[in-house]
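Thanks for coming, everyone. I'll keep this brisk. Have a look at the structure first, then we'll walk through it.

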Amino acid sequence: MFLNNEIISSDFRKELIFNSYVKGVNLAKGYGVLRKVNNEYNFFLNANTVGVFSVLANWKQEIQIIFESKSHMLYSKDYKSRDKRKKKEGHMHIIFSKSIPEIISANPNPKDDKRRNDLTNKMLKDTKDPVTGILNIGFKNQCIEVSRIYDGKRRYNINTKKKELTIIRKNNFFEEDVELIKCSFDIEKIAGYTEKEKKNYPNNGIIWIKKYEDLDIYLPAKIKIETKWGSFVCLIKERELK
């Protein structure tokens with residue numbers, strides 16, 4: 001079970017709004033709450049498909065993550081994900097408290113999937129969950145070169161290639177011009193992929209990160225990934241809490 005995001009005490013809180021698109025068509029929407037206590041962060045995300053995609057897939061997902069900031073890096077501590085697609089439901093719970101992450105609970109269990117090759121401790125050492133791995137790219141405005149990620153099934157690296165300053169102009173999502181740092185990246189598939197996933201999962205993308213005055217880490221404002229179905233774009237902005 002996930003913790004109720006309303007009962008977690010904190011000394012910092014920020015709410016985020018997510019909209020994602022494929023080929024310009026609205027795919028999903030979501031909201032997230034980021035809290036911070038000392039050097040530890042708690043992030044909760046709830047997302048679901050919208051429009052025609054809600055009819056085709058009827059997908060919902062909840063993610064809750066605990067990560068911490070130290071030595072100019074973000075480190076995963078606890079990762080929980082639960083999703084539902086039509087009548088199928090699944091979940092993943094991983095603890096990252098040690099150098100080798102440990103799956104606490106998973107349905108379906110990736111160990112029972114014979115299509116996936118086994119992951120060695122060497123591959124898993126010092127990895128981060130998918131969300132913390134993405135956030136780590138822009139941590140402290142570094143556009144960090146390599147982010148080692150493990151999602152419970154697959155092990156991959158996100159390797160950034162270049163960094164540049166840019167501006168996204170005011171549009172239907174952003175109420176004003178936004179100054180951002182743009183990082184392009186490649187996705188290096190290490191292990192744990194099925195043959196179908198190797199062919200269909202994306203290989204590269206771009207992330208735009210934004211600095212908030214009241215937050216000591218940079219957060220994504222836009223993510224673009226090329227997929228077999230077309231360009232996937234996720235837009236992210238802050239919403240003031242009432």
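I'll start with the whole chain, then go to a helix, two buried residues and some backbone details.

One thing up front: this is a predicted model. Keep that in mind throughout.

Overall picture. The protein chain holds four helices and 13 strands. How does the radius of gyration compare with that of a compact globule? For 242 residues, the globule value would be near 18 Å; the chain has 17 Å, so the two agree. The C-alpha trace spans about 50 × 40 × 40 Å along its principal axes.

Next, packing. Of the 242 residues, 45% are buried. Take the contacts with a sequence separation of 6 or more: 49% of them link residues 24 or more positions apart.

Now the surface. About 13,700 Å² is exposed, and 49% of that comes from carbon and sulfur atoms. For those who care about charges: there are 47 positive side chains and 32 negative ones. The centres of these two sets sit 5 Å apart.

On to helix α3, residues 130-137. Six of its eight residues are buried, so "mostly covered" is a fair label. The buried ones are Pro130, Thr132, Gly133, Leu135, Asn136 and Ile137. Look at the start of α3 as well. There, a side-chain oxygen of Asp129 comes to within 3.0 Å of the backbone nitrogen of Val131.

Pro130 brings us to an acidic residue. Asp151 touches Pro130, and also Met92, Ile94 and Tyr156, leaving out residues up to four places away in sequence. Where does Asp151 lie? In the loop between β8, residues 146-150, and β9, residues 155-168. Is Asp151 buried or exposed? Its relative accessible area is 13%, and the cut-off for buried is under 20%, so Asp151 counts as buried. What does its side chain reach? Two backbone nitrogens to look at here. The one of Lys153 lies 2.8 Å from a polar atom of the Asp151 side chain. The one of Arg154 is reached at 2.6 Å.

Second buried residue: Leu180. This leucine is in strand β10, residues 178-191. Relative accessibility is 1%, so Leu180 is buried. Which residues does Leu180 contact, neighbours within four places in sequence aside? Glu164, Leu165, Thr166 and Ile168 are on the list. So are Trp208, Ile209, Lys210 and Ala221. For scale, compare Leu34: 146 residues away from Leu180 in sequence, and 20 Å away in space, C-alpha to C-alpha.

Last topic: backbone geometry. Most residues other than glycine have a negative phi, and most peptide bonds are trans. Here are some exceptions.

Lys86 has a positive phi, near 55°, and is not a glycine. Find Lys86 in the loop between β5, residues 73-85, and β6, residues 88-95. With 49% relative accessibility, Lys86 is classed as partly exposed.

Asp126 is another non-glycine with a positive phi, about 60°. This aspartate sits in the loop between α2 and α3. The relative accessible area of Asp126 is 45%, so partly exposed again.

Then the peptide bond. Asn107 and Pro108 are joined in cis, with omega about 0°. Pro108 falls in the loop between β7, residues 102-107, and α2, residues 121-124.

That's the tour. Questions, please.

Terms used
Residues are numbered from 1 along each chain as its sequence is written. This is a predicted model: local features need pLDDT of at least 70, side-chain atom pairs count only at pLDDT 80 or more; totals for chains, interfaces and linings use all residues. Side-chain values use heavy atoms; hydrogens and water are left out. Helices (H or I, at least four residues) and strands (E, at least two) are DSSP runs, numbered from the N terminus. The radius of gyration is taken over C-alpha atoms; the globule rule is 2.2 Å times the number of residues to the power 0.38. Buried means under 20% relative accessible area, exposed over 50%, partly exposed in between (1.4 Å probe, protein chains only). Contact means heavy atoms within 4.5 Å. Accessible areas come from the Shrake-Rupley method with a 1.4 Å probe; for residues, only the protein chains shown count as cover. Lys and Arg count as positive and Asp and Glu as negative; His and the chain ends are not counted. The place of a charge is taken as NZ of Lys, CZ of Arg, CG of Asp or CD of Glu. A polar contact is a pair of N or O atoms within 3.5 Å; within protein, one must be able to donate a hydrogen and the other to accept it, and residues adjacent in sequence count only if both atoms are side-chain atoms.
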